[in-house]
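Got your viewer open? Let's take a short walk through this protein, one selection at a time.

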Amino acid sequence: MARSEDKPDSIGETVKTVVYALLIAGIFRSFFFQPFYIPTGSMKDTLLVGDFMFVNKMAYGYSKYSCPFGICPFPEDRLFGSEPERGDVVVFRHPTSGQDYIKRLIGLPGDTVQMQRGVLYLNGEEQVQTPDGQFVEANAPQGSVGGYPRCENGATGLGADCTKSRYSEALDGYGPHSILNIVDLPVPSQGQLNGDNTPVFRVPDGHFFFMGDNRDNSLDSRFSQTAGGVGMVPFENLLGRADRVIFSSAGSRMLFFWTWRGDRFFKAIE
């Protein structure tokens, strides 16, 4: 008889424990650090497919998008808001699709941004690119999605070296970081656009301009949302700053320990 009386109490305690655990996890994810996995190669070689990190949600304050499903009751101008810095690697909510993206912050409100023959111009000033060797990876399926990398050296066999030219780029007011080049796109005819040659973009107030470090393999602010890009990203859509890779795996499953990249554990993001 005692067992039948104790059973409901036991179930109730279990339910409460689960609810408390979910609440704590939700609060931690919403206000402190959000886990983020790199599924694509748009930020190579700064971030590789299979990198795992915790995004610092405290860096820029909080908006309604800080909570899952955008349910936080925060004002549009953010709570405890802090302006991001040029060069930050940022996770943000896509303005229309609702997906989370990670890119490098290039343009601040009021800036002009343009690409000419693959070179970045900020407020009319050329951002110097210094050759820095090559980035080499295997032409093989990557990550859980199993996509293949794009190669500057053209079609290669499975497992062969896939190379890209690497440059060190120094942004105005920010230290150098690596960018990659896959193809040099020609200057398009009038009315056409490509990622290496763009019009002059002016970043509106309350918005930011983002680009991937793997410049020829990134749909970012150079492309409108209707063209599959992200366009200008409102401040309220910024979720947090990526500071450090915690864990990295080159395989299709994180549990495949033989594919772990030990040299990337706790690696600072520059």
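Here is a tour of a few loop residues and aromatic rings in what is a predicted model.

**Stop 1: Trp260.** Select Trp260, which sits in the loop between β14 (238-248) and β15 (267-268). Is Trp260 buried or exposed? Neither quite fits: Trp260 is partly exposed, as its relative accessible area is 39%. Now add Ser248 to your selection. Trp260 and Ser248 are 12 residues apart in sequence, and their C-alpha atoms are 5.9 Å apart in space. Leaving aside neighbours within four places in sequence, Trp260 also touches other residues, including Phe247, Met254 and Leu255.

**Stop 2: pairs of rings.** The model has 10 aromatic pairs. Select Phe52 and Phe54 to see one of them: an edge-to-face pair, with 5.4 Å from centre to centre and 80° between the planes. Phe52 is buried at 19% relative accessible area, while Phe54 is partly exposed at 34%.

Next, go back to Trp260 and add Phe265. The ring centres of Trp260 and Phe265 are 6.3 Å apart, and the pair counts as tilted because the planes meet at 50°. Phe265 is partly exposed, with 29% relative accessibility.

**Stop 3: a cluster.** Pick Phe92, Tyr101 and Phe210 together, and you have one aromatic cluster on screen.

**Stop 4: Thr40.** Finish in the loop between β1 (33-37) and β2 (51-56), where you'll find Thr40. Thr40 is partly exposed, at 44% relative accessible area. Add Ser218 too: Thr40 and Ser218 are 178 residues apart along the chain, with 9.3 Å between their C-alpha atoms.

How values were computed
Residues numbered from 1 in each chain as written. Predicted model: local features only at pLDDT ≥ 70, side-chain atom pairs only at ≥ 80, totals over all residues. Heavy atoms only, no water. Helix = DSSP H or I, 4+ residues; strand = E, 2+ residues; numbered from the N terminus. Buried < 20%, exposed > 50% of the residue type's maximum accessible area, 1.4 Å probe, protein only. Contact = heavy atoms within 4.5 Å. Phe/Tyr/Trp six-rings, centres within 6.5 Å; stacked < 30°, edge-to-face > 60°.
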